[in-house]
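Student: Could we take a close look at a single part of this model, the surroundings of the ligand? I would like a connected account of what lines that site and what touches the ligand.

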Amino acid sequence: MSQENQMEKIVSLCKRRGFIFQSSEIYGGLGSVWDYGPLGVELKRNVKDAWWKATVHGRDDIVGLDAGILMHPNTWKASGHTENFSDILVDCRSCKKRFRKDHVGDKCPACGAKDFTEGRAFNLMMKTYLGAVEDENGLCFLRPETAQGIFVNFANVVDTTHKRLPFGIAQIGKSFRNEITPGNFVFRTREFEQMEIEYFTMPEEADAAYEAWIAERFRWYLELGIKKESLRLRPHAKDELAHYAKGCTDIEYLFPFGWSELEGIANRTDYDLKQHAKHSGKNLQYKDTVSGKEFYPFIIEPSGGVDRATLAFLADAYCEEQVNEATRVVLKLSKQLAPTKVAVLPLLKKNSELVTMAKRLKADLSKSFTTVYDDTASIGKLYRRQDEVGTFFCVTVDVDSLTDKMVTVRHRDTMKQDRISLEQIKEYLAQQFSTNNS
Ligand code: ATP
């Protein structure tokens with residue numbers, strides 16, 4: 001399967017099976033915004049839950065936060081976004097298309113002409129107005145990153161949780177950027193979700209924390225099933241770094257359109273808290289309880305995109321297999337990420353006793369696993385449908401089940417089937433989920 005072809009297949013599967021739809025499709029669509037359908041919302045939620053579990057609930061040194069999308073406009077002056085959050089754009093004089101200068105060489109990717117306008121800075125922040133009057137006094141921005149909501153709450157979190165260094169604050173939420181060239185499906189959009197951690201350390205411990213976070217975040221993607229050969233680290237060259245950053249490393253994934261950034265881990269030094277202290281006039285230093293010394297902690301920032309991660313998990317899980325001369329499409333998502341864990345399928349939908357038994361089983365399994373019931377096609381078709389959306393187990397209720405009280409469990413990846421008693425099915429599935437570690 002060619003890489004281009006693979007991307008088309010993923011986009012088509014996402015639409016056909018209700019993972020991702022184009023925004024406002026009935027009006028011709030809004031390019032650069034995507035809607036997550038019934039299965040997509042489950043998958044994306046599982047990605048966020050896995051992140052939250054690994055970074056907040058699984059650790060003693062990180063707490064969560066959910067700050068507003070709209071923030072005081074001075075936030076963006078302090079952070080440097082008002083002045084510097086710009087991409088340089090160029091227009092092709094021949095086909096009139098617009099590109100990010102750092103994304104094109106000397107030739108237009110659309111028409112091949114070599115006639116670009118001079119580059120000019122374009123601020124990516126989206127504007128809105130608060131209140132009834134649309135004037136400069138009410139001017140506000142939709143946040144272009146979740147990080148600033150964490151920095152401005154640093155003192156609140158320290159005062160209320162009594163956390164001591166090193167500790168982190170984690171947040172998941174929407175961000176908005178007026179990207180010049182959105183594209184590659186949900187990879188680059190104008191409305192997206194970020195998962196960010198700001199980890200505050202003693203200045204002398206920052207380098208070690210930076211290395212530890214690179215390793216930890218790399219491990220997270222592997223643990224959730226991404227193939228090792230599709231993941232790499234790309235340390236930034238000195239001239240790529242923001243003026244305040246001491247180091248930055250991207251975790252890149254081999255998307256069907258090439259190696260691209262999934263997440264960045266940066267050592268932001270003490271820049272952010274100093275800037276907000278300067279602009280707000282508040283003391284944002286940390287006070288060491290033992291020495292009594294006050295200082296600005298250094299910050300390590302692992303910053304990832306929920307949508308990019310979701311796309312990477314989808315692309316990595318997409319598989320086509322030849323089974324008895326037919327092609328089986330399987331999404332080999334890990335057990336944590338699969339949107340549906342179990343599907344209960346009656347072999348004959350006309351047999352009401354069978355249907356009742358299957359529906360009762362579905363209701364019971366739903367208490368422990370995300371479970372669906374489906375009787376809208378023949379069993380072969382139902383299996384294929386569930387394979388295509390990554391459902392881990394199909395449990396089939398047949399005529400024999402009525403007398404022997406046994407059901408057939410089919411494993412997604414091996415297609416192996418086991419006959420299990422109704423009494424033991426819950427325990428059997430729980431066991432399978434706890435031993436299968438991907
Ligand atoms: P790029 O160079 O691709 O524009 P960036 O370096 O500007 O990305 P950051 O500002 O470091 O990105 O944002 C952190 C993370 O947020 C990225 O690694 C990515 O996963 C996600 N992200 C950033 N911009 C977008 C976008 N337009 N659409 C989807 N996800 C995004």
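Tutor: What follows describes the shell around the ligand and then turns to one helix. The model is predicted, and everything said here about the site should be read with that in mind. Among the 15 residues around the ligand, those that come nearest are Glu-179, Arg-188, Thr-189, Glu-261 and Leu-262. By character, the residues of this shell divide into seven charged, five polar and three nonpolar. Three strands, β10 (191–201), β13 (258–267) and β16 (298–305), each supply at least two residues of the shell. Turning to individual contacts, a polar side-chain atom of Arg-188 lies 2.7 Å from an oxygen atom of the ligand, while an oxygen atom of the ligand is 2.8 Å from a polar backbone atom of Leu-262, and a polar side-chain atom of Arg-100 lies 3.4 Å from a ligand oxygen atom. Taken alone, the ligand exposes 600 Å², of which the protein buries 82%.

As for the helix, α7 covers residues 206–223, and because its 18 residues at 1.5 Å a residue should span 26 Å, the 25 Å between its end C-alpha atoms agrees with that expectation. Its buried residues are Ala-206, Ala-209, Tyr-210, Trp-213, Ile-214, Glu-216, Arg-217, Phe-218, Trp-220 and Tyr-221. In an α-helix there are 3.6 residues a turn, so residues three or four places apart point the same way. After α7 comes Gly-225, whose phi is positive, near 105°.

Notes:
Residues numbered from 1 in each chain as written. Predicted model: local features only at pLDDT ≥ 70, side-chain atom pairs only at ≥ 80, totals over all residues. Heavy atoms only, no water. Helix = DSSP H or I, 4+ residues; strand = E, 2+ residues; numbered from the N terminus. Expected span 1.5 Å × (residues − 1). Buried < 20%, exposed > 50% of the residue type's maximum accessible area, 1.4 Å probe, protein only. Near = heavy atom within 4 Å. Polar contact = N/O pair within 3.5 Å; in protein donor to acceptor, adjacent residues only side chain to side chain. Areas by Shrake-Rupley, 256 points an atom, 1.4 Å probe, with all protein chains shown as cover. Nonpolar A, V, L, I, M, F, W, Y, C, P; charged D, E, K, R; others polar.
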